[in-house]
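Here is a structure to explore through short questions and answers. Look it over first, then read on.

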Amino acid sequence: MRYSEMFLPTGREVPSDAEVISHQLMIRAGMIRKLTSGIYSYLPLGYRVIRKLEQIIREEMDKAGAQEVHLSMVQPAELWQESGRWTHYGKELLRFRDRHDHEYCLGPTHEEVITALVRNEIKTYRQLPRNLYQIQTKFRDEVRPRFGVMRCREFGMKDAYSFDVDEEGAEKSYEKMFAAYNNIFRRCGLQFRSVEADSGSIGGKYSHEFMVMAESGEDAIVFCEECSYAANLEKAEVACPEKKLIFEEDFLPLQNVYTPEVRTIEEVSAFLKVKPQDIVKTLIFNADGKPYAVLIGGDQEVNEIKVKNYLGASELELASDEMIMQATGAPRGFAGPVNIKIPILIDYSVIDMINFVTGANQENYHTKNVNIGRDFKVEAFADFRVITDKDKCPRCGGSIKFARGIEVGHVFKLGTKYSKAMKAVYLDKDGQEKIMIMGCYGIGIGRTVAAGIEQNNDENGIIWPMPFAPFHVIVTPVNVNEKAVMDAAENLYNSMKALGIDVILDDRDERAGVKFKDAELIGIPLRVTIGQKNLSLGNVELKIRKTGENKLYSLEEIVRVIKQIIEQELNPDIIQP
RNA sequence: CGGGGCGUAGCGCAGCCUGGUAGCGCGCUUGCUUUGGGAGCAAGAUGUCGAGUGUUCAAAUCACUCCGCCCCGACCA
């Protein structure tokens, strides 16, 4: 490719609406342009990077035994009604009607379509297992798109779906994908971690997210320093503490105290002169319209996902003022477990507490010396809170650490959630009808590219890892008007092209500084600079973008050196599953 | 959906408070000089000032309505 012919508008100014570095650099490097909120066009340079990533993904997916398909983005409402998600998916699902007034949606994911396809075509255990994948555009009508292509509405995704005859097979399919994902992200040269995660609205029992480590990441993750445990903060388990012996003789009599306008933990703590950890928060939740009280230590946070999962609720939110009033008989800020009429869920953090303070279910009153068992009945003890840095690893008891990451991949064990609802069945050896066991596996394409930039940049721009790089090499003749220089540049360019090296020739009649700045901004890993002085001695310069290292090579050896560096960086040791 | 901010040339911004001929930097065009780290000089081109309505002799500027975009929150794979 000749730079002078390429549609590659680079920019010096940081766009005012770009917050994170990857977004700024993708715009400055001429990779993307915004069309409207959360919707982007990819320019040639950006699309080259996308295709490089897709190629790696295809190779690894194929190697793992998956087959590529291409499903429709427009999906009929009937399928979503069958799975039950037409009513449950919410506003992220963009729905519309055609001229015949039939309802459709733009696919935010493809479980319904693939299940419908497979159930019609696969009839027997002999045709299983199967793993089908596609790389395709998804549309999710995000409430608030942000960070460029990192969280946008229309985006490319690789999604794969596995179908197995039994749990054992499904487990194998999952492990294969898990290994393939490790290979993909390792080949991309990314620092990443797989973590246990919540399954969200896709459903299923169990899932892992692949997180690219980055300070700007939207997800908080927890990992153990001693064992391999790693989890999304929202999923991270908190171990049940060993129960201490509690003696009823120690229980003090209940006492209501007047606490005017004292509502929050800080206020109660200050007013009653007790530590937050001696207070128990009573939060009222609305789970699918029914109120529940959740009790938790005053210094802890409720993890709503844990509550939601425990109750099996499809919607969970903090109760409205009216619901609180109805459930507790008092306004917000004075709820407590004593004499309350709704089910009480207790977090492990409260399990050992005695004589604690709670709201009194009466405006401007709190109750002291509340005790579990004596003063109220418990529906359930469980883990309902957000893990903190004071907690230990739930698996091995080791120290835990927190980090931030960008979710670039997610693997799910779906079980029979879709195959059952949509009747994807097969006949087993005995002629018995059985439900297929499914798994699904996604990788955000654009997001992975953005994550790659988040991890690889400096004050001059992007530093592409070789596997991602839109071009491996840029040949920069310092002055295109000097014939010898330009001839040498053309020769080098042509011989590298002939060897299958992705090379771009910066044949623009620009000053050297401009070309250097652009080459660095767009992050080409290797730059060959050809100047008259060095050339007259038969030499050219090779500059490594990543290290800044700058070395002279003779015209005879330069191509071989470049070829070697590229091959080395494209094939890091891949650990096979 | 709640809170905040912004909308003026391709990009980044000033002008608005206090109404009176549309500005700056970068980029772009042409010429000359320069030529290994975002060059210098000179001459240019480019705007329904987000849209509509109103107030006024006069609106980028004031008022109202709408639209778009960004940030924080809620929500979310």
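Q: How far apart are the end C-alpha atoms of helix H2 (residues 44-63)?
A: The model is predicted, and H2 offers a simple check on it. H2 has 20 residues, and at 1.5 Å a residue it should span 28 Å. The end C-alpha atoms agree with that, standing apart by 28 Å.

Q: What arc do the buried residues of H2 cover around the axis?
A: The buried residues are Leu 45, Gly 46, Val 49, Ile 50, Leu 53, Ile 57, Glu 60 and Met 61. They lie on the same side of H2, because their arc around the axis is only 155°.

Q: Which residue just after H2 takes a positive phi?
A: The helix spans residues 44-63. Just after it, a phi of about 90° appears. The residue is Gly 65.

Q: How many helices and strands are in chain A, and what share of its residues count as buried?
A: Chain A holds 15 helices and 31 strands. Its C-alpha trace spans about 95 × 65 × 50 Å along the principal axes. Of its 577 residues, the share that count as buried is 41%.

Q: What share of the contacts in chain A with a separation of 6 or more comes from residues 24 or more positions apart?
A: The count takes in contacts with a separation of 6 or more. Residues 24 or more positions apart account for this share of them: 71%.

Q: What average pLDDT does chain A have?
A: The model scores ipTM 0.93 and pTM 0.90. In chain A, 98% of the residues score at least 70 in pLDDT. The chain average is 91.

Q: How many residues of strand S8 (residues 154-164) are buried?
A: One side of S8 carries Glu 154, Gly 156, Lys 158, Ala 160, Ser 162 and Asp 164, all buried. The other side carries Phe 155, Met 157, Asp 159, Tyr 161 and Phe 163, also all buried. Both faces are covered. The count is 11 of 11.

Q: Which residue of strand S24 (residues 437-444) stands opposite Asp 159?
A: S8 runs antiparallel to strand S7 (residues 130-139), joined by 10 bridges. In that pairing, Tyr 133 has Ala 160 as its bridge partner. S8 also runs antiparallel to S24, with 8 bridges. There, the residue opposite Asp 159 is Gly 442.

Q: Which strands stand at the edges of the open sheet S4-S6-S5?
A: The sheet has 3 strands, and the pairing is antiparallel. Two of its strands have a single partner strand each, so one side of each is left without a neighbour in the sheet. The twist averages 40° from one strand to the next. The edge strands are S4 (74-76) and S5 (95-97).

Q: Which residue of strand S6 (residues 103-106) stands opposite Pro 76?
A: S4 and S6 pair in the antiparallel sense. They do so over 3 bridges. Opposite Pro 76 stands Tyr 104.

Q: Why is helix H11 (residues 445-455) largely enclosed by the rest of the structure?
A: The buried residues of H11 include Ile 445, Arg 447, Val 449, Ile 453 and Gln 455. H11 is largely enclosed because of its count of buried residues: 11 of 11.

Q: Which two residues does the cis peptide bond join?
A: Most peptide bonds are trans. Here, omega is about 0°. Pro 129, on one side of the bond, is found in the loop between helix H5 (111-121) and S7. The bond joins Leu 128 and Pro 129.

Q: Is Asn 361 buried or exposed?
A: Asn 361 sits in the loop between strand S18 (356-359) and strand S19 (365-370). Its phi is positive, near 55°. It has 23 other C-beta atoms within 10 Å, and 20 or more makes a residue buried. So Asn 361 is buried.

Q: What is the phi of Asn 369 near?
A: Asn 369 lies in strand S19. It is partly exposed, because 16 other C-beta atoms lie within 10 Å. Its phi is positive, near 60°.

Q: How far apart in space are Ile 265 and Met 438, C-alpha to C-alpha?
A: Ile 265 is found in helix H7 (residues 265-272). Leaving aside neighbours within four places in sequence, Ile 265 is in contact with Pro 276, Ile 279, Lys 281 and Gly 298. Met 438 is 173 residues from Ile 265 in sequence. In space, the distance is 45 Å.

Methods
Residues numbered from 1 in each chain as written. Chains lettered and ligands numbered in written order. Predicted model: local features only at pLDDT ≥ 70, side-chain atom pairs only at ≥ 80, totals over all residues. Helix = DSSP H or I, 4+ residues; strand = E, 2+ residues; numbered from the N terminus. Buried ≥ 20, exposed ≤ 12 C-beta atoms within 10 Å, placed from the backbone. Contact = placed C-beta atoms within 7 Å. Pairing = 2+ DSSP bridges. Axes fitted to C-alpha atoms, helices over the stretch in contact; angles between N-to-C directions. pLDDT = per-residue confidence, 0-100. Expected span 1.5 Å × (residues − 1). Arc of directions from axis to C-beta.
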